[in-house]
Each structure stands twice: as structure tokens, then as C-alpha cells.
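Open the structure in your viewer and keep the selection tool ready. The stops below go from one helix to the sheet under it and then to some aromatic rings.

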Amino acid sequence: MAALSFLSLVALLLLPALLLLLSIIVRPRPVRIPLKNRHVFITGGSSGIGLALAHRAAAEGARVSILARSQDKLKEAREAIRLATGIDVATFSADVRDFDALRQVAKEAEPVDVLVVNHGVFVAEELAKQELEVVRFIIDVNLIGSFNMIKAFLPAMKARTDRRPASIALMSSQAGQVGIYGYAAYSASKFGLQGLAEALQQEIIADDIHVSLVFPPDTDTPGLVEENKRRPPLTSIIAASSSAMKADEVAEKTLNGIKSGSFIVICNFVGYLLAISTGGISPQRSYVMAFVEVVSAGIVRLACLFFQWSWYSSIENWHSQSKQ
């Protein structure tokens, strides 16, 4: 009993000390990034999460620009936003794989304060069956296209006259935190965004530009509807471990994360588990969240091992049934 009381006393003394230590060492420091009367530029802005982001940013008083490939979809998106908010948004048509076209868009657009790199494609298929052309397409759009966007817009962001904090947000995926059956190429393209984001944040922190990396689960978008028609059954079984979200819900989480300067933007409970389990030495602005990560890392790792057990059991059962 005395030993238990002693351990409780030690814990009571150590936990505040740990909180104090974390409040001193977390980097980058906390920041607030305003959206009102600032220019928010969103790729993939004609549908899905991008369109939901444009709606919310416009409603919050931002000057919004959206980029997509289809002129027709851009016109539809612009009209939908005008009807919902009474605000006109600027539209730009370009392919994110075309750096020269993006550089021209960057010249035509007003200086950007918040760049949301939201575009993405996914084709779920086992790698043994997937053509290399499809693999290259996914990586070119999701990863190289993100590099192209940042390279095209970063010079003007660094030279902006509005010296309030700015932001670059990258839309990843929970498949960018853990590999998923059928998503070898997609997961690789999204995992790459974390390395890009971590290195980029170090490079542009002196310019008061803050990077956010968003990890949504399956999201109810036109793209997901099409994907569900052809993705392998095992992909759907494993992806169901994290409940799907509405595009507007992801948009709300994303904008809140941008405004708070969060490096990792979490969208649901499974996202919290994955963020803690895979956080490694990623930047963390919140000393409270850092405290949660430190004290819960062991139990969260155990929970994630249960996820892996469930997934591999599903794979084994699927193949056993297929052989019968």
C-alpha cells in the first residue's frame, strides 16, 4: 500500500514536469492563421473535399480561387458557391502535372496566403495486376503534382506583402499513414507527402509559412463512388476499419487545422490512433497533444497491432474461401 502511494506521488510530480518540459520544447511554436479577406487557393476545387473547402472558406470571408482540369466542372462549382454564399470565386483550368501551366496560373492569380494542395487520384488494384502506366499516373498526379503546385506558388508566397502567417496544406489520406491492400501505388504517393511536408516546413518556417498535412479516411465524394465500383473486396473490408466521412466534415476539420497551424490534421478517432502511432518525430505545436502522444504511445501501439491482426485475419480468410 505504501509503495502504491509512493508511485502515485511520483506520478503526480512527474506529469506536471513533463507538461512543462513539452511546453518548452515543442516546435514550431503555436500560431493562428486568419482566413478572412485573405486569398485561399484550392486545387481539386471543382468537386468533393475541394469544393466543400471552397464553400467554407468563402463563407468565412476568404477570397477563394479553385483549380481543376475541367472547365465545365469549374463553372458548375463557381455557380454552386455563388448560390450558396453570394460570393464569386476565381477559377483556373490546368493539369497539376504541367508545371509550366501552373507557373502561368500563379502569375495570373493574386498573391496566395493559403495554398490547399487537395487534388488526388486513386485506382485500387493489386500491384501484380496494376499496369505501370497507372502507377506512374497516380504518383505523377498525387506526389509530383504537389511538388509542381508548391514550386509554382511558393516564390510569390515568400515575397508576399501581407506578412501575417501563411499556410500550405497538403491533402494526404489515412492510406498515407498505413499501407492498405490494393493501394500500393496510392499509399506510396501519399506517404511521400509526409516527407515533403516535414522537410518543407523546416525550409519555410522563417518565412512564417506553416505546413499542414491532412489525413482523411474514405470520404463520400464522386471519386469514392467510382472507386467502390471496381476496388478489390479486401480493400473495402480493410478500409471499413475507419468510418467514412462527408466531404463537408473533412473540409471543416481541414480549415480548423489550417487556422490553428496544426502540422498533422486529424479527422476521426482512428485518425488519432494512427497519428499517435506514426507520429515519429513529426512537428507538434500543441504541448497538450504532445503529452497525449508521449503517455499513450504504448497502448496506442497495442491497439494498432490489433488492427493489423484483424486485417491479416481478413486476408487469410478471404484467400481460404477463394480456394474452396
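This is a predicted model. Start by selecting residues 247–259, which form helix α9. Helix α9 lies across four strands: β4 (114–117), β5 (166–171), β6 (209–215) and β9. Against β9, the helix runs at about 150 degrees.

Next, show the sheet. Seven strands make up an open sheet with parallel pairing, in the order β3-β2-β1-β4-β5-β6-β9. Select 90–93 and 264–266 to see the edge strands, β3 and β9, each of which pairs on one side only. From one strand to the next, the twist averages 20 degrees.

Stay at the β3 edge and add residues 63–68, strand β2. Four bridges join β2 and β3 in the parallel sense. One bridge to pick out is that of Ile66, whose partner in β3 is Thr91.

Now turn to the rings. The structure holds six aromatic pairs. Select Phe122 and Tyr186: the pair is edge-to-face, 5.7 Å centre to centre, with 75 degrees between the planes. Phe122 sits in the loop between β4 and α5 (132–158) and Tyr186 in helix α6 (residues 184–204), so their pairing ties together parts 64 residues apart in sequence. Phe122 is partly exposed at 23% relative accessibility, whereas Tyr186 is buried at 9%.

Move on to helix α11 (residues 287–323) and select Phe307 and Trp311, four residues apart, about one turn of the helix. Their ring centres are 5.9 Å apart and the planes at 40 degrees, so this pair is tilted. Phe307 is partly exposed, at 23%; Trp311 is buried, at 10%.

Finally, select Phe41, Phe92 and Phe153, which ring pairs link into a cluster.

Definitions and conventions:
Residues numbered from 1 in each chain as written. Predicted model: local features only at pLDDT ≥ 70, side-chain atom pairs only at ≥ 80, totals over all residues. Heavy atoms only, no water. Pairing = 2+ DSSP bridges. Helix = DSSP H or I, 4+ residues; strand = E, 2+ residues; numbered from the N terminus. Axes fitted to C-alpha atoms, helices over the stretch in contact; angles between N-to-C directions. Contact = heavy atoms within 4.5 Å. Phe/Tyr/Trp six-rings, centres within 6.5 Å; stacked < 30°, edge-to-face > 60°. Buried < 20%, exposed > 50% of the residue type's maximum accessible area, 1.4 Å probe, protein only.
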